[in-house]
Every structure is written in C-alpha cells, then in structure tokens.
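Student: I should like to take a close look at a single part of this structure. Please treat it in one connected account.

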Amino acid sequence: MTTIVEKENRSVIRSAVLSQGTWQKILAFASLIALMVVFSVASENFLQPDNLIGILQATAVNGVLAVAATFVIITGGIDLSVGTLMTFCAVIAGVFLTYWGMPMPVGILAAIVAGALCGSVSGTLIAKMKIPPFIATLGMMMLLKGLALVISGTRPIYFNDTPNFPMISQDSLIGAVLPFLPIPNGVLILFIVAIVSSLVLTRTAFGRYTFALGSNEEAVRLSGVNTDFWKIMVYTVSGGICGIAGLIIASRLNSAQPALGQGYELDAIAAVVIGGTSLSGGRGTILGTIIGALIISVLTNGLRILSVAQEWQTVVTGIIIILAVYADILRRRT
Amino acid sequence: MTPLVTITDLDKSFPGVKALKKARFDLFPGEVHALMGENGAGKSTLMKVLAGIYRKDAGEICIEGVPVDIASPRAAQDLGISIIHQELNLMNDLTAAQNIFIGREPKQAMGLLLDEDALNRNAASIFERMHLKLDPRAEVGGLTVAKQQMVEIARALSFRSKVLIMDEPTAALNNAEIAELFSIIRKLKDDGVGIVYISHKMDELKEISDRVTVMRDGEYVGTVPTASTSVDTIISMMVGRSLTETKTEIPDLSRHDVVLEVRNLQRGNAIKDVSFKLRKGEILGFAGLMGAGRTEVARAIFGADPLDDGEIIVRGEPVTIRSPRDAVRLGIGYLSEDRKRFGLATGMDVAANIVMPCLNRFLSMRMFLQARAIRETARSYIARLRIKTPSDAQEVRFLSGGNQQKIVIAKWLARDCEILFFDEPTRGIDVGAKNEIYKLLNALAEQGRAIVMISSELPEILRMSHRIAVMCEGRLTGELQAEGATQEDIMRLATQRRSLTADAPGAKMEGATA
C-alpha cells in the first residue's frame, strides 16, 4: 500500500520537476522561434544574413548587461545602475586611453576594474548598510551618470589615438577563421561572457551562494555562511561585466558617449525577466537571459523592417514583457 | 438562558492530521469562558472554525439556538462573532479610527470623499463605551502593544459583536497592561458580550474566567467552573494522556566533560539571566510554553541574535560569538523550529542543502564545486538517515516535513557539529517519522554529541531528555532530573510567572534533584 502511494508520489514529483526546469527555457525559446517565423514570412529581408548579423550585433551590449543583471536578480536584488555604470566604464577607458595615452590593454583593464569597484560599492551599501537594492542602485545610477558627465566634461571622448580600439567589437575573429560566418567580435564577447557566467553560476561556490541568497538568505546565514561577503561579491562581478559592456559600446561607437546609458538598465531587466529569471530570486539561467535579449532585438528589428513606427515598437515590447511575466506566473500556479 | 454559541461534535482534518475530533464548546452571554490545552490541542483550530477562517468537516454550530453555516470571516462577523488573533492585524501607518473602520469608512459628498470627522466621532464613541482614553487620530504604529490590542477590541465591537474570541491576548503585555485589559473585559461582560479566552497562564484564568474548558489532542476533555477548581486539577486534565512510549536509559554523564556552559545570558525582555551547562553525550530538554524564550536562548548562543550580556564557554574556553559563522566554527549547530524560513533553501535541491554549511570542503582550487563528491556525501546521508527522496537532485520543497527535517539534521552532521540545538525537532512530523528522529537523537548523543532539545510537547521532553530545563517568560524557572519528573512538575514550572514564583521554584528544584 505505502509503496504504491510512494511510487505515485514519485512520478508526480518527477514530472513536476521536469516541467519546472525545462518549461522555462522551452517557452522562451519557442517564442523566439515563433517571432522569427512570423517576421520571415512577413518580410523576405528578415532572414538575410546581413540582417541576422545586425540583430546579433544589436544584442551584444544589452545581452552582456542582462547577464550582469541576472547575477543580481538571482540573489533577489535588482540593479538599476547597470546602464549608467556601463557608460561610466566607457568614459574611464576613454580617460586612460585618450587623455593619458595608456596602451590599450591597460584601458580595457581599467574599465573592467572600475565597473567591479562601483559594483562593490553598491554591494556594500546593500549588504552592510542594509539599504534596499532598489534605492542603493537608483542612487548609484544617478551618481554614475553625473560622474561620467563630470569626468568627460560632458563631451564625447574619441578613441582616435588608439586605432585598434574599434576592433574590440567590430572586427570578426570568427570570420577570419570561417569566412562564411562573419560574426562580429562584440557578439563573440557576449557568447564568451554568457558561457563563463553560466559555468560560474552552476559550477562554483560563488554561483551556489548566489542562488542560495535568493532562495533563503536567512537560512544561508544560519548555515554559517558569510552572506554579506558573497552579496558584495555578486554586485562586484556584476559591475565588472558592466565594464565589459562599456568596452563593447565604446568600441562600436569609437567613442565614449557620456550622455548615453540611462534606459539600458530597463532593457536589461526586461531581457532577464523574459528569460524566466524570477524577480523574487532563487532561480534563473543565463541561457534564458540570452534568449530574452534576443527576443527583444528580434522584435525591434522585425518591427523596423515592417516599417512599424518607433513609438509602436516600444508599445509592443511593453506588451511582450507583461505577457512573458504572466506566462511565468501561470506556469508557477499549475 | 439560551447559550450564545453551542458547538457539538465538530470534526476538522488537515492533510495528515485530525485537528478536531468531536469537539464541543458552549458560551453564554456575559461570560468569560477560558479554553485551555497544550500546544496543538486544537484550541485555535476550534476558534478559527467558529470565526469562519476554517470550514468544519462535520458537526454543528448553533448561534443563539439556531444552526448556522459559517462560510467565511465575513459570515462570522455578520453573526456577531469576532476574533482577535495572537498576532495583531493592524495597519501601523493608519490612525486608530482608520483601522477600526477600514473598508466601512463613512462617506460624504455623494460618496466621493471620506468623512474623517464622522470616522473619528464613531471611533471615539466606541472608546467611550470601553472607558478607554485613546485619541482616534493616534497612529497605531506609535501605540503600545496593549493599546493596539484595545484598538483590535474596538474594531471587534464596531461590528456589534456578541461573541469575542481572544487568542492569548496577554502574550505581549506587562502586568499593568494586563490589568487594563481585564477591566475592559469586565465591562464587556457587563454589557452581555460572551468572551472566549484562550491562554496558558493559570493565574490569569483564575482571575478573569468563569468557566474553563480543557481540550487535549483535538478532543473535548471537560468543562469546570473556575472558582471551585484547583490549578492542579486543570493541569492534570490538560496532560492526562497516558505515556506509552518507552523511556530511554539515562546514561551516567557525571564524568563527561562540560562542552558548553552559559552564564547569565541577558537579552532585553526575551532572555533574563539564563545559565546552564551541557555535557558531552547529554540530551538537555528545554521545556516551556510557546514564547517562553527557549528559541531566543538558542538563537542568541548561536549568534543569530545579539546578546546584551552574559558569558559563553565552549570546551572550557570563554568565547565571543557574534554571528552564526563564529558559532559554526566552534562546532555549534542550530536546527530552527521553522525549517522553511530559517533552515532550508526549499527551492534548491537536497544535495545543495546538505552541503551548505560545509561547501568549502567540496571545492577544487577553492572555487569550483566538486559535483561528484557533493553527490556522494549527500547520498551517504540520504542512506544513513533514510531520507525518502527520488534523488539527491530533488528540490527540497517537494519532500514531506519529516524528510525535510532529516535534511536539516544531515546538514549539521555533514558539518561535524559537536553541540546541536534542536528547536522543536518533530513539529509537523507524523508519528512514524517522529520515532526515527528520536532514534537519531539518541544515536547522536551516544556518539558523544551534546544536544539541547527544545520542545513544547511534554511527552517528548520526558521521553528524550537526560535532564530538563524549564523556562517561563525569559527566565529559567527550574531544572529537573529526567528520572522521576512528571508532566505536572514541568507544567507547574512552565506556568510560574514572576508574581507567583516567590517561594515555589527553589523548593521545586530541591524536591526534584533529591
């Protein structure tokens, strides 16, 4: 008798688990494919290689930022400063390379370290001073926006003295090896960042604590884990990744544009949410986030090809975000 | 006189538990009827059925002689039944008057605007009826707990309640505030309101109640007039079940080392001058009623809450424990009574939870998780503690309470803790799993681990403990050798409030240890 009940329980449990983990990705991925089918039927230009590469190119910056945001959101936090932090890091690269004439690797390192430092400041505000993440990063968002303008004197910094700088995102290493696949480096960087982040989240103690913090911070603290330290680390890593995004965007524009950046954080958060990462923390995947970022780019690109007015593109993106989150809620309820 | 409320043969089940079995209760107008029983006896469940929070499975409820079906809290309110919960349900940022009339605000200007004046006038007239001096415009968050309770009572009265249910109303009140509450209860009595009073505190019941009904294990035990019944009779009615479980042998621990000693722990009102010793291989039972401060003591020693004062000595060395991290390093583990909130990351899998406190041991290059080693460790504990789970990759929230508890235990065994605090280790666990947990505790003690077991179930305390410490209101009211101790002894210490303790505890302790 008990064994029968047990067996039934187990099969119920198994199917529940299966649908939980895989559903998330399947649904997001299916929506991406569906969107692409719709657009390719609607316009023959959509599936042109140039256009597809353009979509990837457009995903690079938002994708990297969304990966950064994913770390924070898995802990149950939020980071509103990713966009302006990206700009700040781009400006720092400009200061090192153009103002001070340092070699390119130093500039790259400086941007990433600046991002990590700013992230650790946010993390400290949140973990040690107990300021809610929304407020702490809202403050950082404005602070960094202002600093970027102050440091650059409100003018763009051009990378004319560093001729190789645009190559960071615009050249194609893959294209040099496989000429039929001219994928720009910016996209390559996105994939590398995504793969490394995914490994970090699933295979390292850092990743384990990231999920654990979002799952039940108090239980983790009572397990004797230094939760404050790991939380600061999460924001630090996230900030470093924002630095990488800063390099990609600066390289693509061949300049650090200090006025840019605000608004990017919302696109990044949208990508994370569409990708199935829970805003209440504890669950999420990098793959989901990348699919989420691609959905946003495909949507923007497809609507533009169909000559839908810019204003309406924003409306549609908004609707998609609401639908994605609602689908997630429906899935959880069953 | 027709009773206000008559409940007969009421049944109520929750998944896995029969909470009420043919429960009975009645209440007359102008009466304070106390409802007593151990934790889990079914008092709150019975009253929640009456207040429309739970639906009954079977049985009958009559209000003034008429059978009724109470489908929702709203329906109960319409019948004139109000409940004041142990945890107050007030909106701290609103005023007293706004709280009382929330959802029923008087309107003006064709229903478009709130009539704040009428609101405050109505509230003031209720306060007047209660002979209570309170400004209706006072923000509730700024009031004392006692005053907040008065606001709850006023809200109940605003529904013209005939039946007022109070669930442990004095849990958070000091003596002066209790006196204030009692004078209001007496006035309500004079107005013909029937009051159901749930409490653990004997002296209060003696003072305020007219009759006492005792429940045990979801069943009706009896109803007695308060004035002519002794406290001892009521206690024996509460604990009267026979003890069939076999008692464990109590080992001679006098030559074992003291691994943990605490002296004069102090923390606000929750912990008052608590000192005790714990030996290697010993199970020290911490008895007391809910809110007696036992959990607070455990959490303070574990570094989860800060201490105001006191010394902690681990293996002969005085130590400072500022965080759970310090405690874990000293080999102290704490298994929370609230597994879901404090013990487990329920969204994560079994293996992740088991290795959480000792993840450092499973890293290569101090960074990468050794997935196979983690899985092997998890599997060995799943086998050793007989945790029923389809695999180590199962999310913890899909497992039963007993298995979740075993995972919490596995977690601390994997960390190799020598001193373990078990806070209500069998709460919400069915009987079979309970026995397994008991065996596990005994085995751990035999291996030489020192265990503090906090439990509100007296049979469990008597069965498992080698020594019993009893707490009441933040103080240790006595220590008993388990040999020969009875439920009555413990209950007496657990209900001993400061006002009554003048001579009793010393005599008790001597009597027990002699």
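Which residues does Leu50(B) touch, not counting residues up to four places away in sequence?

Tutor: The model is a predicted one. In it, Leu50(B) touches Val5(B), Ile7(B), Ile61(B), Ile70(B), Ile81(B) and Ile165(B), with residues up to four places away in sequence left out of the list. Leu50(B) also belongs to the largest nonpolar core, a set of 246 residues, and is among those with the most contacts inside it, together with Val64(A), Leu65(A), Ala93(A) and Ala245(A). Helix 10 of chain A, residues 227-253, provides the largest share of this core, 14 residues. In chain B, domain 1 (5-239) and domain 2 (258-347 + 416-513) both contribute residues, so the core lies between them.

Helix 10 of chain A also packs against helix 8 of chain A (residues 185-203), at an angle of about 170 degrees and with the axes 11 Å apart. Because angles over 145 degrees count as roughly antiparallel, these two helices of chain A, 8 and 10, are described as roughly antiparallel to each other. Where they meet, helix 8 of chain A presents Gly186(A), Ile189(A) and Val193(A), while helix 10 of chain A presents Ile241(A), Ile244(A), Ile248(A) and Arg252(A).

As for the chain that holds Leu50(B), chain B contains 18 helices and 24 strands. Its radius of gyration is 25 Å, close to the 24 Å that the globule rule gives for 514 residues, so chain B is as compact as a globular protein of that length. Of the 514 residues in chain B, 47% are buried. Among contacts in chain B with a separation of 6 or more, 68% join residues 24 or more positions apart.

Definitions and conventions. Residues numbered from 1 in each chain as written. Chains lettered and ligands numbered in written order. Predicted model: local features only at pLDDT ≥ 70, side-chain atom pairs only at ≥ 80, totals over all residues. Core = buried A, V, L, I, M, F, W, Y, C linked by C-beta atoms within 7 Å. Buried ≥ 20, exposed ≤ 12 C-beta atoms within 10 Å, placed from the backbone. Helix = DSSP H or I, 4+ residues; strand = E, 2+ residues; numbered from the N terminus. Domains from an automatic or database assignment. Contact = placed C-beta atoms within 7 Å. Rg over C-alpha atoms; globule rule 2.2 N^0.38 Å. Axes fitted to C-alpha atoms, helices over the stretch in contact; angles between N-to-C directions. Parallel < 35°, antiparallel > 145°, perpendicular 65-115°, else oblique.
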